[in-house]
Amino acid sequence: MALHSSGSLSDGEPTIRVQKLVETQLSEVPSQYIQPPDRRPSDTNNSTDLTIPVIDLFGFDPAHRQAVRAAIARESSEWGAFQVINHGIPISLLNQMRTAGLSFFTDCPISDKLAYACDPKSFASEGYGTQMLLDKGVDSQSSVLDWRDYFDHHTLPLSRRNPSNWPHFPSDYRELMEQYSDCMNLLAQRLLALISESIGLPSSWMEDAITGMGAEEGFYQNITVSYYPPCPQPDLTLGLQTHSDIGAITLLIQDNVGGLQVLSGQGDWVTVQPLSPDAIVVILADQTEILTNGKCKSAEHRVITNSSRARLSISAFHDPPKAVKISPAAELSSLTTSVLKFSYTRFQDQFDIEEKNKIFATIAQYSIFNSRFLPIHINMLDSLK
Ligand SMILES: O=C(O)CCC(=O)C(=O)O
Ligand SMILES: [Fe+2]
């Protein structure tokens with residue numbers, strides 16, 4: 001069941017934006033946004049003592065490379081998520097992106113925003129939306145809605161990039177997004193080189209494996225600007241439900257509100273503290289866990305809401321092109337165990353929602369049904385360990 005634009009329940013897709021709902025000054029959230037008890041922030045373990053690690057990249061200075069590699073190796077296996085500083089991306093660009101993203105949500109009339117509405121029926125459609133594709137076949141518990149609106153941009157490869165699909169407001173939005181996309185792409189490449197080295201593989205190994213050796217295309221990159229309006233009942237809701245990212249590596253910036261949480265190895269939810277305006281959050285994703293045969297962890301994360309302040313984040317997802325076959329580095333089987341933990345998957349198949357039952361039956365050992373796009377999270381990686 002989903003919210004209709006009228007706000008009533010229907011079998012249609014949720015088209016009402018959370019920001020619009022909040023404007024009605026509601027004191028209780030509609031039932032579709034209420035999480036089942038075991039998923040509510042108030043009923044899960046929250047740790048106030050832990051923080052996710054911060055890694056100084058020293059501007060990729062070769063003199064510090066060995067120490068940086070060691071830190072990356074440790075935190076990739078322990079957390080699968082960390083913040084980086086001194087990463088080489090100008091802080092002015094990060095600030096301009098936050099300002100432009102926020103301006104679209106707060107200064108643009110709803111009618112202008114709706115001109116960019118994504119198609120809720122089409123998978124990973126570009127544009128302004130509120131709920132990434134809902135699977136009608138799942139149980140009602142799983143179809144709880146996120147307290148979030150977003151704008152998703154198809155940014156790379158260049159053949160997918162069409163800035164005229166992006167907001168025209170503020171006036172520098174499109175140009176900034178192109179610049180930001182290129183900078184994030186470069187940072188993803190540089191981080192993957194460090195990750196490769198940190199597990200004893202040649203620098204280019206991860207990037208080659210993700211993009212398909214020699215492929216001209218490079219990463220599939222999507223950039224999502226997420227806007228989480230204040231919520232009257234933060235204990236009952238989630239801005240974004242628990243999930244791991246489906247691709248290889250996610251680079252994220254946030255404002256100073258806070259709300260992103262990462263699940264620790266001990267099962268506690270740990271808030272990613274807004275550190276400084278130039279910190280970038282690195283979240284390792286499912287394909288990286290597979291490629292490294294489990295040496296790097298795909299971090300489970302979620303977003304909690306609060307009652308007083310809207311929150312903005314910008315995620316740059318770097319995924320394999322659809323036809324690339326992902327399998328663990330053979331070299332790693334001797335380094336870790338005598339057997340590989342995972343066999344292979346083709347990234348393309350994970351997108352084939354209609355066919356998911358067939359996929360689960362035919363892709364040996366590993367498949368994922370990921371809540372970045374779907375409302376429930378079944379992390380097959382966990383069940384295979
Ligand atoms: O808003 C955030 O901090 C997290 C966003 C996220 O996890 C996602 O879009 O996959
Ligand atoms: Fe995510």
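In which loop is Pro157 found? Pro157 is in the loop that runs between β7 (149–156) and α5 (173–198). The legends below describe close-up views of a predicted model.

**Figure 1. Two cis peptide bonds in the loop between β7 and α5.**
The bond from Leu156 to Pro157 is cis, and its omega is near 0 degrees. A second cis bond runs from Phe169 to Pro170, with omega near -5 degrees. Pro170 lies in the loop between β7 and α5, and Pro157 is found in that loop too. As background, most peptide bonds are trans.

**Figure 2. Helix α5 and the glycine after it.**
How far apart are the end C-alpha atoms of α5? They are 37 Å apart. The helix has 26 residues, and at 1.5 Å a residue these should span 38 Å, so the distance in the model agrees with the expected one. α5 is followed by Gly200, which has a positive phi near 80 degrees.

**Figure 3. Helix α3 and its buried residues.**
Helix α3 covers residues 91–107, which makes 17 residues. Because each residue should add 1.5 Å, the expected span is 24 Å, and the end C-alpha atoms, 23 Å apart, agree with this. Which residues of α3 are buried? They are Leu93, Leu94, Met97, Arg98, Ala100, Gly101, Ser103, Phe104 and Phe105. When reading such a list, recall that an α-helix has 3.6 residues a turn, so residues three or four places apart point the same way.

**Figure 4. The surroundings of ligand 1.**
The space that ligand 1 takes up is the largest cavity. Three elements each give two or more residues to the shell around ligand 1: β9 (240–243), β14 (301–303) and β15 (311–319). Which element gives the largest share of this shell? It is β15, with four residues. In total, 13 residues surround ligand 1, and the closest are Tyr228, His243, His301, Arg311 and Ser313.

**Figure 5. Polar atoms beside ligand 1.**
Three side chains are shown here with their distances to oxygen atoms of the ligand. For Tyr228, a polar side-chain atom lies 2.6 Å from an oxygen atom of ligand 1. For Arg311, an N or O atom of the side chain is 2.9 Å from an oxygen atom of ligand 1. For His301, the distance between a side-chain N or O atom and an oxygen atom of ligand 1 is 3.0 Å. How much of the accessible area of ligand 1 does the protein cover? On its own, ligand 1 has 290 Å² of accessible area, and the protein covers 98% of it.

**Figure 6. Thr237 and its polar contacts.**
Thr237 lies in the loop between β8 (220–228) and β9. Is Thr237 buried or exposed? Its relative accessible area is 1%, so Thr237 is buried. A polar atom of the Thr237 side chain lies 3.1 Å from the backbone oxygen of Gln233. The side chains of Thr237 and Thr305 are joined by a polar contact of 3.2 Å.

**Figure 7. Gln25 and Ser31 in the loop between α1 and β3.**
Gln25 is placed in the loop between α1 (18–23) and β3 (46–47). Its phi is positive, near 60 degrees, although Gln25 is not a glycine. For comparison, most residues other than glycine have a negative phi. Gln25 counts as exposed because its relative accessibility is 69%. Ser31 is in the loop between α1 and β3 as well. With a relative accessible area of 52%, Ser31 is exposed, as the cut-off for that word is over 50%. Which distance separates Ser31 and Leu145 in space? Their C-alpha atoms are 9.2 Å apart, while the two residues are 114 residues apart in sequence.

**Figure 8. Phe58 and Asp61 in the loop between β4 and α2.**
Phe58 is in the loop between β4 (54–56) and α2 (65–78). Phe58 is not a glycine, yet its phi is positive, about 50 degrees. The relative accessible area of Phe58 is 36%, so Phe58 is partly exposed. Asp61 is found in the loop between β4 and α2. Asp61 is partly exposed too, because its relative accessible area is 32%. From Asp61 to Pro90 the separation is 29 residues in sequence and 16 Å in space, taken from C-alpha to C-alpha.

Definitions and conventions
Residues numbered from 1 in each chain as written. Chains lettered and ligands numbered in written order. Predicted model: local features only at pLDDT ≥ 70, side-chain atom pairs only at ≥ 80, totals over all residues. Heavy atoms only, no water. Expected span 1.5 Å × (residues − 1). Buried < 20%, exposed > 50% of the residue type's maximum accessible area, 1.4 Å probe, protein only. Near = heavy atom within 4 Å. Polar contact = N/O pair within 3.5 Å; in protein donor to acceptor, adjacent residues only side chain to side chain. Areas by Shrake-Rupley, 256 points an atom, 1.4 Å probe, with all protein chains shown as cover. 1 Å grid on protein atoms, 1.4 Å probe; cavity = no way out; pocket = protein on both sides within 12 Å on 5 of 7 lines; lining within 4 Å. Sits in = over half its atoms within 2 Å of the grid points.
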